[in-house]
Amino acid sequence: MTLAVPTSLDDAVRLLDEHPDAMLLAGGTDAMVEINDGHRRPASLVIALNRVSDLRSWRHDADAGTVTIGAGITYTELMEPPLATLLPALAEASRTVGSPQIRNAGTLGGNLGTCSPAGDGLPVLSALDAKVRIVSADGERDASIHDVMLGVKRTSLEPNELIAEITLPVRSGWQGYAKVGVRNAMVIAVASACLAVDETNQSVAIALGSVGPTVIRCTEAEQHLASAVDWDTGVVDHDAIGRVGELVSAASSPITDHRSTAEYRRHAVGVLARRLARRAFTINGVAA
Ligand SMILES: Cc1cc2nc3c(=O)[nH]c(=O)nc-3n(C[C@H](O)[C@H](O)[C@H](O)COP(=O)(O)OP(=O)(O)OC[C@H]3O[C@@H](n4cnc5c(N)ncnc54)[C@H](O)[C@@H]3O)c2cc1C
């Protein structure tokens with residue numbers, strides 16, 4: 001196979017337009033595993049993105065209250081301040097990914113490009129209603145993260161399109177990520193959840209991973225929790241947190257596979273949501 005190493009986004013886009021069957025390669029931590037396992041045939045052309053500087057940078061727009069992350073930003077970069085301070089849930093999710101080697105090579109764009117239901121970055125992108133900038137030789141378009149993630153390893157990207165950057169709001173309010181796996185480290189999530197509080201709008205977002213074909217937003221649980229919070233004090237009744245767990249479990253749509261059973265996943269994701277809610281708010285009443 002031929003390897004192209006463009007250094008500009010324009011060149012990468014042009015190459016992809018000329019070779020729509022080409023394989024984009026960022027950190028290679030998903031793509032090379034798929035090739036090595038025989039699940040993917042090497043494309044005639046591989047376009048390496050790691051030297052495209054536009055994909056390797058990020059910016060904070062304080063006036064707009066947003067952070068825009070190039071698709072080639074790695075988990076290691078997301079874990080460290082200032083990015084970790086601006087986007088704490090994404091930093092927390094990044095710390096749970098693989099090993100230091102995987103976090104040094106693996107990128108947020110690659111996580112979205114693969115679009116596994118277990119991708120650790122994806123519940124955070126969903127909870128924060130990320131905007132994805134997609135580029136091709138035809139131009140660029142902005143898409144809601146909810147319209148990009150279609151199903152198991154399925155995105156709405158056309159063959160000649162690539163993910164350039166992802167824009168997230170800088171929220172005032174607690175946010176975090178939690179996952180359950182079959183061990184404590186180097187583990188693909190059996191169930192995962194991100195909870196993000198928006199104090200300005202007095203709302204809560206909850207997104208789930210590994211319990212459906214793609215990330216699931218739990219609007220009923222979100223509304224229940226937001227309406228149960230005393231926004232002046234940040235206090236929530238213990239019973240309301242229990243109900244959030246039930247609503248989250250009910251919103252999940254898990255399967256049984258080699259990693260876990262549907263029943264365990266449904267239970268676990270409710271526990272994760274309750275734990276996150278307890279970290280986000282002060283609980284009034286008897287602890288479980
Ligand atoms: C040992 C090991 C442990 C892992 N642990 C975890 C884990 O705990 N959590 C987790 O979420 N993942 C984990 N992964 C999976 C992987 O590391 C992540 O999904 C990572 O984010 C992939 O990024 P990458 O840059 O390596 O992508 P690549 O492998 O280079 O690409 C992945 C896919 O995205 C496409 N792509 C890449 N960049 C773009 C772009 N800019 N635009 C459009 N498409 C693009 C590629 O063509 C490919 O289809 C693990 C992998 C390994 C090997």
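## Exercises on a predicted two-domain model

Thr 107 touches Ala 26, Gly 27, Ala 71, Gly 72, Ile 73, Thr 74 and Tyr 75, leaving aside residues up to four places away in sequence. Keep in mind that this is a predicted model. Let's work through it together.

### Exercise 1: A threonine in a loop

Find where Thr 107 lies, and decide whether Thr 107 is buried or exposed.

**Solution**

- Step 1. Locate the residue: Thr 107 sits in the loop between helix H6 (100–105) and helix H7 (108–114).
- Step 2. Look up its relative accessible area, which is 8%.
- Step 3. Apply the cut-off: buried means under 20% relative accessible area. Thr 107 is therefore buried.
- Step 4. Return to the neighbours: among the residues that Thr 107 touches are Gly 27, Ile 73 and Tyr 75.

### Exercise 2: Two domains and their contact

Describe how the chain is divided into domains, and what area is buried between domain 1 and domain 2.

**Solution**

- Step 1. Mark the domains: domain 1 covers 2–48 + 58–169, and domain 2 covers 175–287.
- Step 2. Take the centres over C-alpha atoms; they are 25 Å apart.
- Step 3. Gather the residues in the contact: 25 come from domain 1 and 22 from domain 2.
- Step 4. Read the buried area: about 1,800 Å², with carbon and sulfur atoms giving 59%.
- Step 5. Find the residues of domain 1 that lose the most area to domain 2: Glu 92, Pro 117 and Pro 123, which together make up 28% of what that side buries.

### Exercise 3: Polar links across the interface

How many salt bridges does the rule find across the interface of domain 1 and domain 2?

**Solution**

- Step 1. Count them: the rule finds three salt bridges.
- Step 2. Study a salt bridge in the model: the side chains of Lys 179 and Asp 120 meet at 2.7 Å, N to O.
- Step 3. Widen the search: 10 residue pairs are in polar contact between the two domains.
- Step 4. Name the elements that give two or more residues to domain 1's side: helix H5 (88–95), helix H8 (122–127) and strand E8 (149–151). H8 provides the largest share, five residues.
- Step 5. Sort that side by residue type: 16 nonpolar, six polar and three charged.

### Exercise 4: Helix H5

Why is H5 described as largely enclosed by the rest of the structure?

**Solution**

- Step 1. List the buried residues of H5: Ala 89, Leu 90, Ala 91, Glu 92, Ala 93 and Ser 94.
- Step 2. Draw the conclusion: six of the eight residues of H5 are buried, so the helix is largely enclosed by the rest of the structure.

Note on methods
Residues are numbered from 1 along each chain as its sequence is written. This is a predicted model: local features need pLDDT of at least 70, side-chain atom pairs count only at pLDDT 80 or more; totals for chains, interfaces and linings use all residues. Side-chain values use heavy atoms; hydrogens and water are left out. Domain bounds come from an automatic or database domain assignment. Contact means heavy atoms within 4.5 Å. Buried area is the accessible area (1.4 Å probe) that two parts lose on being put together, summed over both. A salt bridge is a side-chain nitrogen of Lys or Arg within 4 Å of a carboxyl oxygen of Asp or Glu. A polar contact is a pair of N or O atoms within 3.5 Å; within protein, one must be able to donate a hydrogen and the other to accept it, and residues adjacent in sequence count only if both atoms are side-chain atoms. Helices (H or I, at least four residues) and strands (E, at least two) are DSSP runs, numbered from the N terminus. Ala, Val, Leu, Ile, Met, Phe, Trp, Tyr, Cys and Pro count as nonpolar, Asp, Glu, Lys and Arg as charged, and the others, Gly among them, as polar. Buried means under 20% relative accessible area, exposed over 50%, partly exposed in between (1.4 Å probe, protein chains only).
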